Amino acid sequence: MATEMALVKPISKFSTSSPIFSNSRYGKFTTVRMSSTSQSTTKAAAKGGKKAAKTAIKETLLAPRFYTTDFDEMEALFNTEINKNLNQSEFEALLQEFKTDYNQTHFVRNKEFKEAADKIDGPLRQIFVEFLERSCTAEFSGFLLYKELGRRLKKTNPVVAEIFSLMSRDEARHAGFLNKGLSDFNLALDLGFLTKARKYTFFKPKFIFYATYLSEKIGYWRYITIYRHLKENPEYQCYPIFKYFENWCQDENRHGDFFSALLKAQPQFLNDWKAKLWSRFFCLSVYVTMYLNDCQRTAFYEGIGLNTKEFDMHVIIETNRTTARIFPAVLDVENPEFKRRLDKMVEINEQLLAVGETSDIPLVKNLKRIPLIAALASELLAAYLMPPIESGSVDFAEFEPQLVY
Ligand SMILES: [Fe+2]
Ligand SMILES: [Fe+2]
């Protein structure tokens, strides 16, 4: 697809020239060319393999994704001649905030990192590495998308374009910081390789807006919740990266606020029955994906003293409340039925994973999967059809970007 290629080219150039992503600085470490789901490679590499470990990219439904979109449609949406709803003064104000660059000097490491990493051993070490990989991949995915949007919108709307470029600066910092975290475990993600080898999911612009708004806000709530928990329970502070989450999550919050300004400028994505259906759909996919992912990794959350399901429900409820300020409809996640359905999905997902672990031939595995997938789909549909909460701000003027603490 042309749009995918366009996305890949400039980035691969960046990834080989930027000090943030250059692997040469990890010369003595193992460079890992893999997706965030290929644990076996991590294990092999962590055991001390000196050569770059090369493996096929494993795509799963729950792995962090890379996105691409219809850039021509994006250009039309941000053309001030065509779209009279674009409030340029609001975007100018947001641009000034991004230019202020509050976190310019925030991401500075110290020797505590390596010392802490050396003390993490046993199963927690592996799960920690996976957490760093997945987070790095997710941050890097934001970097790629925003970088390309910054490039493509330069002519049509230079202010919006510059904001995208500055957001890609933030995401590059986040991904780079996580990748340096991997170096404490003698590993490094080969982001240049990932850029080229990973499949890109195509979303139309309006879906990019819903999905990225939600992922920024859910990212904010995840980081701030972990930060606050570890501040109150310092005995679980086993790796210093979490101490950086307080300022870090404000970047994500700002990114989310920019997307709500973008959505406000496109009222057609917010004000009809289709917008309500899509809003609920994206809320459901984002919440379910996180819940199923995290429930497969309870060792990580328990390792830092959290109860996985309680943590996730807190994040879902807070994200949903924030999202209700802009989306025209959200899910009733505080209804106990919603959590019951999520827990049922976790059970079914565990059975699906167990089928994958058996020694059956692929055909038998697939036959065993059919009723489970049907059960999962029916739980998803039932959760989707629960009576929603009508939301959104009718008077958009009162919605202003703000810091949430
Ligand atoms: Fe980020
Ligand atoms: Fe972000």
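A salt bridge is taken here as a side-chain nitrogen of Lys or Arg within 4 Å of a carboxyl oxygen of Asp or Glu. This is a predicted model, in which local features need pLDDT of at least 70 and side-chain atom pairs count only at pLDDT 80 or more, whereas totals for chains, interfaces and linings use all residues. Residues are numbered from 1 along each chain as its sequence is written, chains are lettered from A and ligands numbered from 1 in the order in which they are written, and side-chain values use heavy atoms, with hydrogens and water left out.

**View 1. A salt bridge within helix H10, between Asp251 and Arg254.** The two side chains meet at 2.9 Å, N to O, and their residues stand three apart in helix H10, about one turn of the helix; helices are DSSP runs of H or I with at least four residues and strands are runs of E with at least two, numbered from the N terminus. Asp251 is buried at 3% relative accessibility and Arg254 is buried at 10%, where buried means under 20% relative accessible area, exposed means over 50% and partly exposed lies in between (1.4 Å probe, protein chains only).

**View 2. The iron ion (ligand 2) and its donors.** Glu171 (OE), Glu216 (OE), Glu216 (OE), Glu252 (OE) and His255 (ND1) coordinate this ion at 2.0 to 2.6 Å, donors being N, O and S atoms within 2.8 Å of the metal (3.2 Å for Na, K and Ca); water is not among the atoms, so sites may look incomplete. Along the chain, the donors of the iron ion (ligand 2) have the spacing E-x44-E-x35-E-x2-H. Glu171 also bridges to the iron ion (ligand 1), the two ions lying 3.5 Å apart. Because Glu171 lies in helix H7 (residues 158–184) and Glu252 in helix H10, the pair ties together parts that are 81 residues apart in sequence.

**View 3. The surroundings of Glu252 in helix H10 (residues 245–264).** Glu252 is buried, with a relative accessible area of 4%, yet has no salt bridge, and the nearest side chain of opposite charge, Arg254, is 9.1 Å away; for this purpose Lys and Arg count as positive and Asp and Glu as negative, while His and the chain ends are not counted. Not counting residues up to four places away in sequence, Glu252 touches Glu139, Glu171, His174, Glu216, Tyr220 and Tyr223, contact meaning heavy atoms within 4.5 Å.

**View 4. A salt bridge between helices H10 and H9, formed by Asp257 and Lys217.** The side chains meet at 2.9 Å, N to O, and the pair links distant parts of the chain, 40 residues apart. Asp257 is buried with a relative accessible area of 6%, and Lys217 is buried with 2%.

**View 5. A salt bridge between Glu162 and Lys99.** These side chains meet at 4.0 Å, N to O; since Glu162 lies in helix H7 and Lys99 in helix H4 (residues 88–100), the pair ties together parts that are 63 residues apart in sequence. Glu162 is partly exposed at 32% relative accessible area, as is Lys99 at 41%.

**View 6. Phe242 in the loop between helix H9 (205–232) and H10.** Phe242 is buried, at 0% relative accessibility. Leaving aside neighbours within four places in sequence, Phe242 is in contact with residues including Phe128, Phe131, Phe300 and Ile304.
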